[in-house]
Amino acid sequence: QLEGPLRGDYASYAKDIASAGRHLMDLVNDLSDLEAIERPEFTVAPDEIDLVDLAHRASGLLAVKAADHQIRIDSPDENNEMPALGEFRRVLQILVNLLGNAIRYSPDGSVIKVRVGQDDDSATISVSDQGDGIPTDDQDKIFEKFERLGRSGDGGSGLGLFISRRLANAMGGSLTVDSAKGKGATFTLSLPHRTKKGSE
């Protein structure tokens with residue numbers, strides 16, 4: 001557009017090319033991650049992280065995508081903390097995947113809730129959408145390699161949840177889903193808990 005106004009159809013072509021490029025890069029990244037996590041020597045770093053901070057970082061990365069569909073991401077109060085142990089960039093990767101899926105499968109104008117919690121052994125962060133939900137019989141299948149439950153046109157590789165669960169397990173945690181057909185889905189990442197700085 002530096003040389004003047006751009007025709008509408010040209011702008012549309014450019015948008016399609018950029019979208020296709022991002023899609024191909026996502027596929028390359030997923031295949032690279034798949035190769036890495038299936039190596040016997042694969043390990044993750046036990047960073048001291050804050051799940052509230054990571055929730056806001058992931059929400060920020062997907063804010064424009066959510067806004068395109070009038071979807072609001074309801075994140076935890078940023079003045080709170082939820083300390084945990086896990087590799088910073090890998091936890092962010094999992095959360096971006098979970099939020100991206102929630103946006104993809106949520107109706108326009110809905111709300112995605114991100115919540116943190118803890119118990120004696122772990123810190124948790126959950127992503128809940130208002131989508132169509134996942135039938136009970138399919139809830140284990142979605143974590144399988146290349147599984148998209150027939151959603152061949154959704155633009156995904158079918159690797160995101162498989163990789164995310166493997167990463168969660170590698171960090172000593174877990175990734176689970178609670179859902180019912182027609183009632184949305186809640187994905188919960190659990191990680192080893194750590195005490196807050198300055199506490200015993």
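Two strands are taken to pair if DSSP finds at least two bridges between them. In this predicted model, strand β7, which spans residues 185–192, is paired in this sense with two other strands. Strand β6 (residues 174–179) is joined to β7 by six bridges, and the two run antiparallel; within this pairing, Thr176 stands opposite Thr188 of β7. The two strands form a hairpin in which five residues lie between them, and Gly182, found in the turn, has a positive phi of about 85 degrees. Strand β5 (residues 122–128) is likewise antiparallel to β7, to which it is joined by seven bridges, and here Ala123 has Leu191 as its bridge partner.

Two packed helices are described by the angle between their axes and the distance between the axes. For helix α4 (residues 88–105) and helix α5 (residues 160–170), the axes come within 10 Å and cross at roughly 145 degrees, and the crossing is left-handed. On the side of α4 the contact is made by Arg90, Gln93, Ile94, Asn97, Leu98 and Asn101, while α5 contributes Gly160, Leu161, Ile163, Ser164, Leu167 and Ala168. Of the residues in this contact, six are nonpolar, five are polar and one is charged.

A further local feature concerns Glu78, which is located in the loop between β2 (72–74) and β3 (83–85). Glu78 counts as exposed because its relative accessibility is 61%, and exposed means over 50%. When neighbours within four places in sequence are left aside, Glu78 is in contact with Val52 and His56; although Val52 and Glu78 are 26 residues apart in sequence, their C-alpha atoms are 6.3 Å apart in space.

Notes
Residues are numbered from 1 along each chain as its sequence is written. This is a predicted model: local features need pLDDT of at least 70, side-chain atom pairs count only at pLDDT 80 or more; totals for chains, interfaces and linings use all residues. Side-chain values use heavy atoms; hydrogens and water are left out. Helices (H or I, at least four residues) and strands (E, at least two) are DSSP runs, numbered from the N terminus. Axes are lines fitted to C-alpha atoms, for helices over the stretch in contact, and angles run from 0 to 180 degrees between N-to-C directions. A crossing is left-handed if the near helix is turned anticlockwise from the far one by less than a right angle, and right-handed if clockwise. Contact means heavy atoms within 4.5 Å. Ala, Val, Leu, Ile, Met, Phe, Trp, Tyr, Cys and Pro count as nonpolar, Asp, Glu, Lys and Arg as charged, and the others, Gly among them, as polar. Buried means under 20% relative accessible area, exposed over 50%, partly exposed in between (1.4 Å probe, protein chains only).
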